[in-house]
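Here's a quick, friendly tour for anyone meeting this structure for the first time. Have a look, then read on.

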Amino acid sequence: MPPAPKKLLQVLDGDKSDIPPIWLMRQAGRYLPEYRALRAEKGGFLELVYDSDAAAEVTLQPIRRFDFDGSILFSDILIIPYAMGQNLWFEAGEGPRLAPRLAEMSLDQLTPDLSRLEPIYDTVRKVAAALPLQVTFLGFAGSPWTISTYMVNGQGSKDQNETRRMAYLEPERFAALIDAISDITAEYLSGQIEAGVDAVQLFDSWAGSLSPEQFSRWVIAPNAKIIAALKKRYPHIPIIGFPKGAGGKLAAYAAETGVDAIGLDETVDPFWANQILPKNMPVQGNLDPLALIAGGAALEHAVGRIREAFASRPHIFNLGHGIAQDTPIEHVEKLLKLVRE
């Protein structure tokens, strides 16, 4: 018998499907009791990420429970600054921390340690060997702008003020940081591809905080650099770009970065996106995670509207951002039925 088709991969290659494939950002995570149990056993998030057997198990958990069409690698975008020489830890209830902050020191004072990427590749190999043949395996990395905001500030922030100031006041210094992140990200994604992922996604979680000119310089240009490097090495590997908050800058991002598909956050009207994005470019998204929590009529309406908007183009059903930890499991089951029926 021929191998089972990877439906999600076919859509990324431009095929249209009456029933879109589906996966959810952060589908391997805290809303699953099996994840919470394993994390408690390992003692913390980073401990889980760096135990490749455990990270592979977490990656596979939602596939066993829900039979998604795509599996996303369980890791974290801040593995990159960790490999570039910053210390990384997670404060309970407060999120990630990086030190020393680049607001207070120069990049060349860090000592890179690329061996910190190796356990992630090991996780990829283990997942690739265990996934059902019909499931598309997605690797990922954070985009340079988003990664830089954590490296400069040492933690997440509401408006990325300190990093935006550096970009304006010290553009040459900031450009050197963006270039360094871009180079290691291309290598990191190449390593994931060599280890067995079928496609990759670039997350730009803070892309919405920039002016159009700054967006062009710090989001579009470095993503285009990474994508060009990957396409030269792996022309057959699809790349999804997810510039959260880009809004009216989406068309430029889609046209100028070289992405094969574009992810849409929940603030984007799907009918508008269908009009302004390149014809036949695959899109991914964009259900509001809170509609999934709400369930019922709100969920049914939102799913129907998204399906209708993207009926004429290749579409991967997904959320507009990561699934929330208080999402009822039965609502995820209902979502799968709504999409597939």
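## Around helix 4

The buried residues of helix 4 pack against helix 2 (33-42), helix 3 (45-49), strand 1, helix 6 (118-130), strand 4 and helix 15 (329-340). Keep in mind that this is a predicted model. Eleven of the 15 residues in helix 4 are buried, so the rest of the structure largely encloses it. Among those buried residues are S52, V58, L60, P62 and F66.

How does the helix begin and end? At its N-terminal end, D51 acts as a cap, with a side-chain oxygen 3.2 Å from the backbone nitrogen of D53. Just after helix 4 comes D67, which has a positive phi of about 60°. Along the way there's a kink of about 30° at L60, shortly before the proline P62.

Now for the sheet. It's an open one with seven strands in the order 1-4-5-6-7-8-9, and the pairing is parallel. Strands 1 and 9 sit at the edges with a single partner strand each, so one side of each has no neighbour in the sheet. On average, neighbouring strands are turned by 25° against each other, direction ignored.

Here are the strands that have a residue range to look up:

| Strand | Residues |
|---|---|
| Strand 1 | 70-72 |
| Strand 4 | 136-142 |
| Strand 5 | 199-204 |
| Strand 9 | 315-319 |

Strands 4 and 5 run parallel and are joined by five bridges; F140 has Q201 in strand 5 as its bridge partner.

One last stop: is S182, in helix 9 (residues 171-195), buried or exposed? S182 is buried, with a relative accessible area of 1%. Its side chain reaches the backbone oxygen of I178 at 2.8 Å.

Key
Residues numbered from 1 in each chain as written. Predicted model: local features only at pLDDT ≥ 70, side-chain atom pairs only at ≥ 80, totals over all residues. Heavy atoms only, no water. Buried < 20%, exposed > 50% of the residue type's maximum accessible area, 1.4 Å probe, protein only. Polar contact = N/O pair within 3.5 Å; in protein donor to acceptor, adjacent residues only side chain to side chain. Pairing = 2+ DSSP bridges. Helix = DSSP H or I, 4+ residues; strand = E, 2+ residues; numbered from the N terminus. Axes fitted to C-alpha atoms, helices over the stretch in contact; angles between N-to-C directions. Bend = angle between axes of the 7 residues up to and from the residue. Contact = heavy atoms within 4.5 Å.
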